[in-house]
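Trainee: I would like to learn how to read strand pairing and ring contacts. Where do we start?

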Amino acid sequence: FASLLAPAAALVATRSALPAAPARLAARSSPEMKYRVAVIGGGPSGACAAEICAQEPNIETYIIERKFDNAKPCGGAIPLCMVDEFDLPADIIDRKVRKMKMISPSNVEVDIGSTLKDDEYIGMCRREVMDGYLRDRAVEFGAQPINALVTSIDCPTGADDRYTIHYSRNDLGRKAPEETLDVDVIIGADGANSRVAKAIDTGEYNFAIAFQERIKIDDEKMAFYDELAEMYVGDDVSPDFYGWVFPKYDHVGVGTGTVLNRPGIKMYQDAIRERAGEKIAGGKVIKVEAHPIPEHYRPRRLKDRAMLVGDAAGYVTKCSGEGIYFAAKSGRMAGEAVVKAMAGGTKLPTEAELDDLYIKPYDKLYYPTYTVLDILQKVFYTNNAAREAFVDMCRSEYVQDVTFQSYLYKRLVTPNPVEDIKLLFGTVGSLLRGRAIATPDKPFSNPVESLKRL
């Protein structure tokens, strides 16, 4: 949960013009024609998948994104390891967070970050800047961009048949005619409401609503958040998640999320602004954002030659809500699996090959992380007493160090048996103290939403 924790805008301003897509790209008619891969969605997962596929000269790669200036409502935190692993330039990082303030339901504040080394930080980004950079890099490697909304996908009926993607170009206005693209492989990076998932019938999943306001505050208030992020817990800001104040380039992102009571999201947003109080008082709201966030894996993430990555696959962690790194990583792993299974563009991949090269390795690396964070959310986000205990536990330098090391470097930390025993007893003590001081959660009734949960 540590992730709750020259202007980069120039990257958006200098983005190259995107070439138009042909009205109809026909099916492969001769052995000399290259196989085609379409990546649907241009966020971190889609951009990283397209970048890998585009570097294979014998594969034609397309990246389809409905809105190239899209700004997803997101805390924007990325782990330190992502900077080097994905070769991100310094301009991508708006702020380097080295301190966090955890705030309990009763407004007890715990400062964390003392265990970080001088060169360690959580990177804070604006999604429109980072996503644009990754997408442009994929185009530079040879991916062909299409600015369009995918409306439907026809799946192949024969073993060697192609997928047909139907789309409407957004750069041609509302009356743009429907166009189609025939491809051999699809990587679905199109978010929680994935068209690809629907087309290949991968099943449904529960999702939260994330709501964020970008607020411009004066320089004196902004200085307070120079290297600081805040995380608020309590049933007033969310019955099952948290509220945040994260520093951006020249403003703060203030938001919250919930899956249990999505119709109440505006009420929870009002509460997080009230909790932040004078620290953001007088600020001007410059952007309001809302978006669905998956709560768990989809039942299936692969069918035939089509697969899901990022939010479309359900790769967002519980408790912390982290998704950027896992989106980029899953996109890269899917792209690498496709290139390897296609043997340099000489053959079609099979579902079994893609499962062995993408799904199984990804789950081996990260499924334990999703499981542990799911358990933590169920234990500590269920009521105010548990939330008080959660914040109290963060006083422990051992908890801080293990959490930051796991988050920043995405690797398992060697356990310390003595400290783990201390932590066990400390957790019990925190739960007892939390129960003694917590106010009861306010009940809410939401029978319609409850019926929608899987």
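Mentor: With a definition: two strands pair if DSSP finds at least two bridges between them. The model here is predicted. Strands E6 (residues 99-103) and E7 run antiparallel and are joined by 4 bridges.

Trainee: Which residue in E7 is the bridge partner of Ile103?

Mentor: Glu109 is the bridge partner of Ile103. The hairpin of E6 and E7 has 5 residues between the strands, and there Asn107 takes a positive phi near 65°.

Trainee: Which side chains of strand E7 point to one face, and which to the other?

Mentor: Buried means under 20% relative accessible area. In E7 (residues 109-112) the side chains alternate: Val110 and Ile112 share a face and are buried, whereas Glu109 and Asp111 point to the other face and are not buried.

Trainee: How many aromatic pairs are there?

Mentor: Rings of Phe, Tyr and Trp pair if their centres lie within 6.5 Å. By this rule the count is 17 aromatic pairs. Tyr362 and Tyr366 form a tilted pair, with 5.1 Å centre to centre and 55° between the planes.

Trainee: Why are Tyr362 and Tyr366 separated by about one helical turn?

Mentor: Because they are 4 residues apart in helix H10 (residues 351-380). Both Tyr362 and Tyr366 are buried. They belong to one aromatic cluster, whose members include Phe86, Tyr297 and Tyr325.

Trainee: Which charged end sits over the ring of Tyr325?

Mentor: A charge counts as over a ring if NZ of Lys or CZ of Arg is within 6 Å of the ring centre and within 35 degrees of the ring normal. The charged end of Lys410 sits over Tyr325, 5.5 Å from the ring centre. Arg262 lies over the face of Phe207, 4.1 Å from the ring centre.

Terms used:
Residues numbered from 1 in each chain as written. Predicted model: local features only at pLDDT ≥ 70, side-chain atom pairs only at ≥ 80, totals over all residues. Heavy atoms only, no water. Buried < 20%, exposed > 50% of the residue type's maximum accessible area, 1.4 Å probe, protein only. Helix = DSSP H or I, 4+ residues; strand = E, 2+ residues; numbered from the N terminus. Phe/Tyr/Trp six-rings, centres within 6.5 Å; stacked < 30°, edge-to-face > 60°.
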